[in-house]
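Colleague: I am new to this structure and would like a close look at a single part of it. Could you take me through one helix and the helices around it, step by step?

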Amino acid sequence: MTRRTDWAEYASGSAGPDDDAYGAAAAPYGTDPSAGDSHEDGQARRGGGRGRGAGGTRGRRRHTRAEPSAEDGGATYSSRAEKGEPPRDPVEQARAICLRLLTGTPRTRRQLADALRKREIPDEAAEEVLSRFEEVGLINDSAFAEAWVESRHHGRGLARRALARELRTKGVDATLIDAAVSHLDSEQEEETARDLVARKLRATRGLDRDKRLRRLAGMLARKGYPEGMALRVVRRALEEEGEDTEYLDGEGF
């Protein structure tokens, strides 16, 4: 039977149900929040100072590697067993791993569950920790999805379709995805699309009309904009530059 850990030591310092559990941590969405997933090894400790050996020669400086700290989640159970060490409490280890991964970067429940599974944390312990983290607001997939949509739309110009695709890969529930992307309407998407085309338009000058259309509309398509909207926005931008778009072929962009 898994021993339940006393959560007061971190729950008292975390946000409550009515607070924003992410705060400033939701800001760094210009980069991938998963960038901090890699395991950080402990720094090597220096052992044995310099001294004179029996033969008068200087002794060599010895280097030893520190064991993974508690904040890094420690070694996995299999590696500790191979060394003949007693296993750490799985709940404590799961908590340490989750806290480290959440430092400075919000994560979805699925992302944390995958990290715990990779580190061979038993399912029962992982479920206990993840559920408790949700209770105290350290995991909030709804807030994650809303912050992701806000940041990626304004920072990268992504449309609803691309944003939904990204959130699915992070394990966000479909209902939460729909709610988050619903904050973007078609008018806002089209306004962002026009801004994107305006920034890229100068780089296409000198190309023929069809190439300009395909290049600009293709850029919008890669960011998740519907084909009809992409063609409409690009045609309008070209017309404002004096291009004749009456017979402009946009198929196959």
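Modeller: In this predicted model, helix α11 is followed by Gly242, a residue whose phi is positive, near 95°. Going back into the helix itself, α11 runs over residues 227–240, and because 14 residues at 1.5 Å a residue should span 20 Å, the 20 Å between its end C-alpha atoms agrees with what is expected.

Several residues of α11 are buried, and these are Met229, Ala230, Leu231, Val233, Val234, Ala237 and Leu238. As for what lies over them, the cover of these buried residues includes α9, which is residues 186–201, and α10, which is residues 209–222.

It is worth turning to α10 next. Like α11, this helix can be checked by its length: α10 has 14 residues and reaches 20 Å from its first C-alpha to its last, which is close to the 20 Å expected at 1.5 Å a residue. Its buried residues are Arg212, Leu213, Leu216, Ala217, Gly218, Met219 and Leu220, and what covers them includes α9 and α11. The covering therefore goes both ways between α10 and α11, since α10 is among the elements over the buried residues of α11 and α11 is among those over the buried residues of α10.

That leaves the packing of α9 against α10. Two packed helices are described by the angle between their axes and by the distance between those axes. For α9 and α10 the angle is about 135°, and the axes are 10 Å apart. Because an angle of this kind, not over 145 degrees and outside the range of 65 to 115, is counted as oblique, α9 is oblique to α10. The crossing of these two helices, α9 and α10, is right-handed.

At the level of residues, α9 brings Ala193, Leu196, Val197, Lys200 and Leu201 to this contact, where they meet Arg212, Leu216, Met219 and Leu220 of α10. Sorted by class, the contact of α9 with α10 holds seven nonpolar residues, no polar ones and two charged ones. The α10 residues in this contact, Arg212, Leu216, Met219 and Leu220, also appear in the list of buried residues of that helix, and Arg212 is thus a residue to look at in both lists.

Note on methods
Residues are numbered from 1 along each chain as its sequence is written. This is a predicted model: local features need pLDDT of at least 70, side-chain atom pairs count only at pLDDT 80 or more; totals for chains, interfaces and linings use all residues. Side-chain values use heavy atoms; hydrogens and water are left out. Helices (H or I, at least four residues) and strands (E, at least two) are DSSP runs, numbered from the N terminus. The expected span of a helix is 1.5 Å times one less than its number of residues. Buried means under 20% relative accessible area, exposed over 50%, partly exposed in between (1.4 Å probe, protein chains only). Contact means heavy atoms within 4.5 Å. Axes are lines fitted to C-alpha atoms, for helices over the stretch in contact, and angles run from 0 to 180 degrees between N-to-C directions. Angles under 35 degrees count as roughly parallel, over 145 as roughly antiparallel, 65 to 115 as roughly perpendicular and the rest as oblique. A crossing is left-handed if the near helix is turned anticlockwise from the far one by less than a right angle, and right-handed if clockwise. Ala, Val, Leu, Ile, Met, Phe, Trp, Tyr, Cys and Pro count as nonpolar, Asp, Glu, Lys and Arg as charged, and the others, Gly among them, as polar.
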